[in-house]
Amino acid sequence: MASLQERIDMSVTRTVKAIFPNTTNHYDTLFGGTALMWMDELAFITATRFSRQRMVTVSSDRVDFKKPVPAGTIAELIGRVTHVGTTSIIIKVEVYLEQMYSDEREKAMEGTFTMVAIDEHKKPVKISY
Ligand SMILES: CC(C)(COP(=O)(O)OP(=O)(O)OC[C@H]1O[C@@H](n2cnc3c(N)ncnc32)[C@H](O)[C@@H]1OP(=O)(O)O)[C@@H](O)C(=O)NCCC(=O)NCCS
C-alpha cells in the first residue's frame, strides 16, 4: 500500500490548454470564470485520483489572478494535495502561463479547493487511501 507521500505524488495532475479566442474576454485575455472552472475540475480530478472515492467541492478558498493570460499563449494547470483531513482534502492549483514561441513561463494564478468524500447518500465519509 502506498504511503501518504506516494499517494500525493501519484495524484499530482496536470492539464495544458491553448488559449484560443473562445476562452477569452473582451480584453483578449483568459476569462476568469473559465479559469475557475478549469481549476475546480482539476482539483476534482486530483482529489479523485488521490482517494478513488466520490468527491465534491465544498469550498474554494482565495484564488489569486496574478497575471493576465493572453490569447495565443499556453496555460498549464497543476493540482496537488496539500492536506488530508477526516472527510476532506485540500488541493492547491497553480496555473502557469507559457509563451508559444519561447520557453518563457511564469505563474499566473493559484488557488486552493476543499473537496469532500461522500457516500451514495451524498453524506461525508472518511477519506480512506
Ligand atoms: C460537501 C457536503 C456533503 C459536506 O456536508 P457537511 O454536512 O457540510 O459536512 P461537514 O460539516 O461534516 O464537513 C465535512 C468536511 O468538510 C469540511 N468543510 C465543510 N464546510 C467547509 C468549508 N466551507 N470550507 C472548508 N471546509 C469545509 C469540514 O471541515 C469537514 O472536513 P474534515 O472531515 O476533513 O474535518 C455538503 O456541504 C454538500 O453537499 N455541499 C454541496 C456540494 C456541491 O454540490 N458541490 C458542487 C458540485 S461538485
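A residue counts as near the ligand here if its C-beta atom, placed from the backbone, lies within 6 Å of it. With that in hand, welcome to a few close-up views of this predicted model.

**View 1. The shell around the ligand holds 13 residues.** The closest of them are Ser-59, Gly-85, Thr-86, Thr-87 and Ser-88. Two elements, β2 and β5, each give two or more residues to this shell. With 4 residues, β2 gives the most. By character, the shell divides into 7 polar residues, 5 nonpolar ones and 1 charged one.

**View 2. Helix α2 runs over residues 32–51.** Follow its 20 residues from end to end: the first C-alpha and the last are 28 Å apart, close to the 28 Å expected at 1.5 Å a residue. Just after α2 comes Arg-52, and its phi is positive, near 55°.

**View 3. One face of α2 is lined by buried residues.** Look for Ala-35, Met-39, Leu-42, Ala-43, Thr-46, Ala-47, Phe-50 and Ser-51, which are buried. Seen down the helix axis, the buried residues fall within an arc of 150°, so they line one face of α2. Turn to the face pointing away from this buried side and you will find the exposed residues Gly-33 and Met-37.

**View 4. Several elements cover the buried residues of α2.** Among them is the helix α1 (4–10). The cover also includes the strands β1 (13–18), β2 (55–65), β3 (74–84), β4 (88–98) and β5 (105–117). You have already met β2 and β5 in View 1, where they give residues to the shell around the ligand.

Key. Residues numbered from 1 in each chain as written. Predicted model: local features only at pLDDT ≥ 70, side-chain atom pairs only at ≥ 80, totals over all residues. Expected span 1.5 Å × (residues − 1). Buried ≥ 20, exposed ≤ 12 C-beta atoms within 10 Å, placed from the backbone. Arc of directions from axis to C-beta. Contact = placed C-beta atoms within 7 Å. Nonpolar A, V, L, I, M, F, W, Y, C, P; charged D, E, K, R; others polar.
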